[in-house]
Amino acid sequence: MGNSITLIATAAMGLEAIVAKEVRQLGYEDVTVENGKVIFQADHQAIARCNLWLRTADRVKLLIGEFKAMTYDELFEQTKALPWENYIPEDGKFPVNGKSHKSTLFSVPDCQAIVKKAIVERLKQKHGVANWLQETGAEYKIEAALLKDKVTVTLDTSGVGLHKRGYRTGQGDAPLKETLAAALVQLTNWRGDQPFYDLFCGSGTIPIEAALIGQNIAPGFNRSFSAEEWDFISSDIWDKALEEAEDLANYDQPLYIYGSDLDPKMIDIAKENAMEAGLADLVQWKQMQATDFHSTHEGGYIVSNPPYGERLGDKEAVEEMYRKLGSALRNYPSWNVYILTANEKFEALYGKEASKKRKLFNAFIKTDYYQYFGKKQR
Ligand SMILES: C[S@@+](CC[C@H](N)C(=O)[O-])C[C@H]1O[C@@H](n2cnc3c(N)ncnc32)[C@H](O)[C@@H]1O
């Protein structure tokens with residue numbers, strides 16, 4: 001098998017360009033951005049590096065084949081023509097997922113069953129198995145995605161989604177996905193040596209992701225990935241990628257990261273999560289009303305995901321809090337303030353038009369990321 005492969009980093013709606021930037025920063029240049037995914041040419045080493053390093057992607061998938069299919073026969077024959085034996089060993093477990101959008105073959109369960117059958121036949125033939133594939137070994141999760149009659153067949157190299165860094169032991173009512181929290185930090189110009197505050201930290205996701213970014217720690221350092229179990233990717237590849245991550249981490253970078261929340265329970269949870277992430281000393285946590293923000297630093301960054309006031313009865317209190325936040329932060333004109341909220345009246349309540357806005361989805365909630373750039377100091 002050649003070493004040139006096509007990888008697909010899947011991304012939440014709105015985060016594609018950020019994922020693409022991360023992919024390029026890892027050194028992969030042949031990059032195409034589509035809805036929900038970033039496609040790029042790479043080598044086997046990239047499977048380990050991308051899983052370890054991509055902060056904003058959901059998963060890294062390996063493209064096995066693409067073809068048109070408008071009948072079940074075509075789907076079967078073309079799936080069977082792919083070199084599955086190069087990837088899946090005799091005892092490999094290979095569940096098949098499917099999706100279909102605007103395609104003649106619209107029944108997902110039927111497509112899944114056909115793809116499974118085609119791969120079973122191919123593997124039995126190639127591995128010389130007479131009757132039953134045991135499927136007792138490593139897992140190779142397959143996806144057959146149909147879009148306008150084009151079938152894209154992939155293997156999921158990540159396993160559990162990349163947002164699961166392995167540090168979240170507890171969470172509040174509305175935790176941010178780690179991938180979105182990392183994107184919020186990456187959308188600022190914050191550098192590790194500047195003060196960074198989350199005034200509504202909840203379980204601490206934004207400060208924790210900022211600390212990982214600030215010390216250039218690979219977000220996947222503390223977890224495992226499906227492809228680590230795969231025979232066709234040598235363990236050297238993983239060793240090398242982990243060594244690189246260890247070399248690139250800058251544990252000596254001093255950080256000034258603060259997380260605060262009104263709810264003392266959330267502060268306990270955030271502390272536990274930071275400890276689990278191995279960052280216990282890097283973030284300072286405090287129970288505090290956001291509108292009591294005070295700092296003697298000349299400038300810095302506030303990046304927060306406050307409550308949106310969507311629950312019945314919450315709206316007025318939240319809107320009043322936005323007003324108070326606006327007046328409190330007016331005393332800090334040199335600070336950069338970034339607020340993610342679904343409240344469309346945010347700018348009016350906060351009392352200032354944002355320097356820039358960006359539409360983002362928090363799970364399925366349509367939000368805006370309001371960005372206020374601080375006045376440059378002389
Ligand atoms: C949407 S959650 C933040 C979730 C967080 N980003 C995470 O990943 O867990 C909003 C948080 O704001 C806190 N909060 C609500 N009103 C507040 C206020 N006036 N001052 C400080 N924190 C407040 C809540 O306790 C809650 O934890």
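**Figure 1. Two domains whose C-alpha centres lie 35 Å apart.** Welcome to this predicted model; we start with its overall layout. The domain assignment splits the protein chain into domain 1 (5-156) and domain 2 (178-223 + 238-372). Where they meet, domain 1 contributes 15 residues to the contact and domain 2 contributes 16 residues. On the side of domain 1 that touches domain 2, helix 2 (residues 44-53) supplies the largest share, with six residues. Sorted by class, that side of domain 1 holds eight nonpolar, four polar and three charged residues.

**Figure 2. An open sheet of seven strands with mixed pairing.** Reading across the sheet, the strand order is 10-9-8-11-12-14-13. Strand 10 (283-287) and strand 13 (356-362) are the edge strands; each has a single partner strand, so one side of each has no neighbour in the sheet. On average, and with direction ignored, neighbouring strands here are turned by 20 degrees against each other.

**Figure 3. A closer look at strand 8 and strand 9, which run parallel.** Strand 8 (residues 196-198) and strand 9 (residues 257-261) are joined by three bridges. To find your bearings, look for Asp 198, which stands opposite Gly 259 in strand 9. Helix 8 (residues 264-276) lies across strand 9 and strand 10, and its direction makes an angle of about 165 degrees with strand 10.

**Figure 4. The shell of 21 residues around the ligand.** Coming nearest to the ligand are Phe 200, Gly 202, Ser 203, Thr 205 and Ala 290. Taken by class, the residues of this shell comprise twelve nonpolar, seven polar and two charged.

Key:
Residues numbered from 1 in each chain as written. Predicted model: local features only at pLDDT ≥ 70, side-chain atom pairs only at ≥ 80, totals over all residues. Near = placed C-beta within 6 Å. Nonpolar A, V, L, I, M, F, W, Y, C, P; charged D, E, K, R; others polar. Pairing = 2+ DSSP bridges. Helix = DSSP H or I, 4+ residues; strand = E, 2+ residues; numbered from the N terminus. Axes fitted to C-alpha atoms, helices over the stretch in contact; angles between N-to-C directions. Contact = placed C-beta atoms within 7 Å. Domains from an automatic or database assignment.
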